[in-house]
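Hi everyone, thanks for making time. I'd like to walk you through one model this morning, so let's put it up on the screen.

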Amino acid sequence: MWSSESFTTLELLLAFLNDRRIRPEQCKVVVTHDDANAEVFHVLYQLGDEVVVSAAVAQAEADPLDGADADNAVDAAEAIIAEAHRDE
């Protein structure tokens, strides 16, 4: 499954890749410039099973849930993983 993200700084891009444990062979980075001539970093990346799980965990840690939302989050995480398996 290929996905893409854009970042305004190289530090944000690297943090994103490191948080999700995306290896160099799983991504391609392109640098462009916006209307104000500021650099914009675009990354196209492929998530494997291990990376999908890491990304789901990182997202869950960033947006903690409680109560019924937590139960729904488990179902949502399982659906994300199942979808990643179908896309491969």
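I'll go from the overall layout to the strand pairing, and then finish with some totals.

One thing to keep in mind from the start: this is a predicted model.

Let's begin with the layout. The protein has 3 helices and 3 strands. If you trace the chain from the N terminus, the order of elements is β-α-β-β-α-α.

Now, how do the strands pair? Take β3 as your reference, residues 39–46. Strand β1, residues 2–7, pairs with β3 in the antiparallel sense, and 6 bridges connect the two. If you want a spot to zoom in on there, look at F7, which has F41 of β3 opposite.

Strand β2 covers residues 27–33, and it also pairs with β3 in the antiparallel sense, this time over 7 bridges. A handy landmark for that pairing is C27, whose bridge partner in β3 is Y45.

While you're looking at β2 and β3, follow the chain around their hairpin. There are 5 residues between the strands. For those of you who like backbone torsions, stop at N37, because I have a question: what sign does its phi take? N37 has a positive phi, near 65 degrees.

Finally, the totals. Of the 88 residues in the protein, 20% are buried. The exposed area is about 6,100 Å², with carbon and sulfur atoms supplying 53% of that. And for the contact-map fans: take contacts between residues at least 6 apart in sequence, and 61% of them join residues at least 24 apart.

That's my tour, and I'm happy to rotate the view for anyone.

Note on methods: Residues are numbered from 1 along each chain as its sequence is written. This is a predicted model: local features need pLDDT of at least 70, side-chain atom pairs count only at pLDDT 80 or more; totals for chains, interfaces and linings use all residues. Side-chain values use heavy atoms; hydrogens and water are left out. Two strands pair if DSSP finds at least two bridges between them. Helices (H or I, at least four residues) and strands (E, at least two) are DSSP runs, numbered from the N terminus. Buried means under 20% relative accessible area, exposed over 50%, partly exposed in between (1.4 Å probe, protein chains only). Contact means heavy atoms within 4.5 Å. Accessible areas come from the Shrake-Rupley method with a 1.4 Å probe; for residues, only the protein chains shown count as cover.
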